[in-house]
Amino acid sequence: MPSTQSVSLPLPSGFRYQDFIGFHQRDKTELSEIVDGMEIHKGVLMNAIPCRLSLSLGSEIATMTINADADENALSDSEMTLLAGRMLGLQQDIAGFESKYQNHPDISRLLSHQHGLRIPQTTTPFEAISWAITGQLISVDAAISIRRRLIEATGKPHSSGIWCLPDEHILANTDIDTYRACGYSNSKATTLQRIAKAIVANELDLSPDRDPTDVGKALLAIKGIGPWTVSYVLLRGFGYLDGSLHGDVAVRRNIQRLLDSDEKPTEKDAQKWLTEFAPWRALVAAHLWAMDKDKAY
């Protein structure tokens, strides 16, 4: 018999619901993520058990419910509370960042329009790295399409009908031809498979409570993983706000817009400009992404 468990936690004043909703609306087919008003449903595998994770956003309270296709609960209440807080970005020091830069000559304009912006996170760091590798050097729309095909080819359905994202165990055992049929280049396919195998073999620890800087060093040592991928994974998978996303095309484009410059900055120029905002460089990048209102990176 399927099990159901729920936890609730308070939301901060001014919580930006639409940022969280928009992040889960990237795939309009709603294969593995469904948005229904102020509620999102997501198919995930927890300890290999297909689960439907639901987050309902009220005016002051968020409630997470997990329906597992198993007799036992997928997580403890404390684990659920931590997961909900991470997914909603509630541990991020938004107030400290905005207080420091509210009068900054450049980004104060972003803060006035995007007050309270925080980073929605993935359910697991592995989900973040899967998305990051998929999205390397291609458009968001192309990455969404490839990700969808991978879920269709390798994911598992929950009893409700929603599809669960493949976990590291599945992708470690997915052959390269299947990745290629989904639209991955050979290098991306081998990198994603390599990462999954390293996690399964306990050679790579992506536990969400690990020091993000240690995780970053471990990831950079893996062939096929570069600085952009590491910074994105640490941001979306660990809530680490100081990765430098200077290589991101949208970040560079919107630095140009923000500074009203005639030329788009080089990666080196963008890196230098972002240095001023440590330890919040990735959060500044997220504010720059938010200038593109029709995208959810």
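In this predicted model, the protein chain exposes about 13400 Å² of surface, and carbon and sulfur atoms supply 50% of that area. Turning from the surface to the interior, 55% of the 297 residues of the protein chain count as buried. The charged groups can be summarised in a similar way: there are 30 positive and 37 negative charges in the protein chain, and their mean positions lie 6 Å apart.

The overall dimensions come next. Along the principal axes, the C-alpha atoms of the protein chain fill a box of roughly 60 × 45 × 35 Å. A compact globule of 297 residues would have a radius of gyration near 19 Å, and the protein chain, at 19 Å, therefore agrees with that expectation. Within this envelope, the protein chain holds 14 helices and seven strands. Among contacts with a separation of 6 or more in the protein chain, 65% join residues 24 or more positions apart.

Helix H13 offers a nice close-up of how one element sits in the fold. Spanning residues 267-275, helix H13 has Ala270, Trp273 and Leu274 as its buried residues. These residues cover an arc of only 95 degrees around the axis, so they fall on the same side of H13. What do the buried residues of H13 pack against? Their partners are two helices, H12 (249-259) and H14 (281-289). The opposite face tells the other half of the story: turned away from the buried side of H13, it carries the exposed residues Lys268 and Lys272. Helix H13 thus pairs a buried side with Ala270, Trp273 and Leu274 and a face with exposed Lys268 and Lys272.

Technical notes. Residues are numbered from 1 along each chain as its sequence is written. This is a predicted model: local features need pLDDT of at least 70, side-chain atom pairs count only at pLDDT 80 or more; totals for chains, interfaces and linings use all residues. Side-chain values use heavy atoms; hydrogens and water are left out. Helices (H or I, at least four residues) and strands (E, at least two) are DSSP runs, numbered from the N terminus. The radius of gyration is taken over C-alpha atoms; the globule rule is 2.2 Å times the number of residues to the power 0.38. Buried means under 20% relative accessible area, exposed over 50%, partly exposed in between (1.4 Å probe, protein chains only). Contact means heavy atoms within 4.5 Å. Accessible areas come from the Shrake-Rupley method with a 1.4 Å probe; for residues, only the protein chains shown count as cover. Lys and Arg count as positive and Asp and Glu as negative; His and the chain ends are not counted. The place of a charge is taken as NZ of Lys, CZ of Arg, CG of Asp or CD of Glu. The arc is that of the directions from the helix axis to the C-beta atoms.
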